[in-house]
Amino acid sequence: MMPSITTSAASNSRVRRTALAVAKPVAFAVLLWLASAAGAVPIPGTPVPITLQTFVVMVAALTMDWRQAGAAVALYLAAGAAGLPVFAGSSSTAALLGPSAGFLIGFLPGVIATALLKGTVRRTVDAHPAAAARVFALTSLRYFAAAMIGCVAVVYVFGFAVQAVLTGAPLPAIILASMPFIIGDVVKSAVASLVVAGAASLRR
């Protein structure tokens, strides 16, 4: 009887892990929609508004592996492409053809790059507060660097390129007009890194 019970427990554990692996990307796709539905802040000089979507993308990349994080963003983009009003301003397919298209499309390679670059949290055997604080600081810095490269640099490369092509505006002017976005995303990267690293340290 014991082997049967053990096999059943292992099977149930696999089912739970599979369900969680599917549920997390779906949950983050919904969060991306809620972040856009919460409202957008228009910025003078640029047709692209500020939303909390980049923050959600960062948290997704820092809390899931690259497959799950990529699936979450791909599901969100597919919902918009299918006509659901999930993008900023309750827009859908048209947003993928407008000035914001590069930023939206850039979320996918950006979230994958961040998830790959973040590494793993080092488990500490030493429970000394100084050791825990050092691990937290190093993890936060690593997460911040990953978010800046993937969710900021990669996303903006796509965003600037598409916006320049569609609007005909010179790239330096687009970059200058986007400085509030860049500054905001640097702050979001720092906050997301601290929050996720802190949550990871509490789980240990």
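Right at the start of helix α3, a side-chain oxygen of Asp65 reaches to within 3.0 Å of the backbone nitrogen of Arg67. That's a handy place to start touring this model, which is predicted.

**Helix α3 and what comes after**

Helix α3 takes in residues 66-81, 16 residues in total. At 1.5 Å a residue, a helix like that should span 22 Å, and the end C-alpha atoms of α3 are indeed 22 Å apart, so the two values agree. Plenty of α3 is tucked away: Gln68, Ala69, Gly70, Ala72, Val73, Tyr76, Leu77, Ala79 and Gly80 are buried. After α3 comes Gly83, with a positive phi near 110 degrees.

Keep going and you reach Ala95, in the loop between α3 and α4 (101-117). Ala95 has a relative accessible area of 12%, and since buried means under 20%, Ala95 counts as buried. Ala95 and Ala81 are 14 residues apart in sequence, and their C-alpha atoms are 8.7 Å apart in space.

**The whole protein**

Now zoom out. The protein has seven helices and zero strands, so from the N terminus on, the order of elements simply reads α-α-α-α-α-α-α. There are 204 residues, and 37% of them count as buried.

The UniProt record (an unreviewed entry) carries the annotation "transmembrane region" for residues 50-66, 73-97, 103-121, 141-162 and 174-202. Here is how two of those spans look in the model:

| Span | Distance between end C-alpha atoms | Helix | Strand |
|---|---|---|---|
| Residues 141-162 | 30 Å | 100% | 0% |
| Residues 174-202 | 41 Å | 97% | 0% |

**A look inside α5**

Helix α5 covers residues 129-167, and Thr139 is part of it. Where does the side chain of Thr139 reach? It goes to the backbone oxygen of Val135, at 2.8 Å. Thr139 itself is buried, because its relative accessibility is 4%, under the 20% cut-off.

**Helix α7: a salt bridge and a greasy patch**

How many salt bridges does the structure hold? Just one. In that salt bridge the side chains of Asp185 and Lys188 meet, with 3.4 Å from N to O. Both residues sit in helix α7, three residues apart, so they are separated by about one helical turn. The general idea is that an α-helix has 3.6 residues a turn, so residues three or four places apart point the same way.

Are the two partners buried or exposed? Asp185 is buried at 5% relative accessibility, and Lys188 is buried too, with a relative accessible area of 14%.

Ile183, also in α7, tells another story: this residue is exposed, because its relative accessible area is 52% and exposed means over 50%. Ile183 is one of the residues making a nonpolar surface patch of about 690 Å². The other members are Leu171, Ile175, Leu176, Met179, Val187, Val191 and Val195.

Which helices supply this patch? α6 (171-177) and α7 (179-203) each supply at least two residues, and α7 gives the most, with five. So α7 holds both the buried pair Asp185 and Lys188 and the exposed Ile183.

Technical notes:
Residues numbered from 1 in each chain as written. Predicted model: local features only at pLDDT ≥ 70, side-chain atom pairs only at ≥ 80, totals over all residues. Heavy atoms only, no water. Patch = residues over 30% accessible without salt bridge, like charges linked within 9 Å, V, L, I, M, F, W, Y side chains within 5 Å. Areas by Shrake-Rupley, 256 points an atom, 1.4 Å probe, with all protein chains shown as cover. Salt bridge = Lys/Arg side-chain N within 4 Å of Asp/Glu carboxyl O. Helix = DSSP H or I, 4+ residues; strand = E, 2+ residues; numbered from the N terminus. Buried < 20%, exposed > 50% of the residue type's maximum accessible area, 1.4 Å probe, protein only. UniProt positions renumbered as here; feature names shortened; annotations may be inferred. Expected span 1.5 Å × (residues − 1). Polar contact = N/O pair within 3.5 Å; in protein donor to acceptor, adjacent residues only side chain to side chain.
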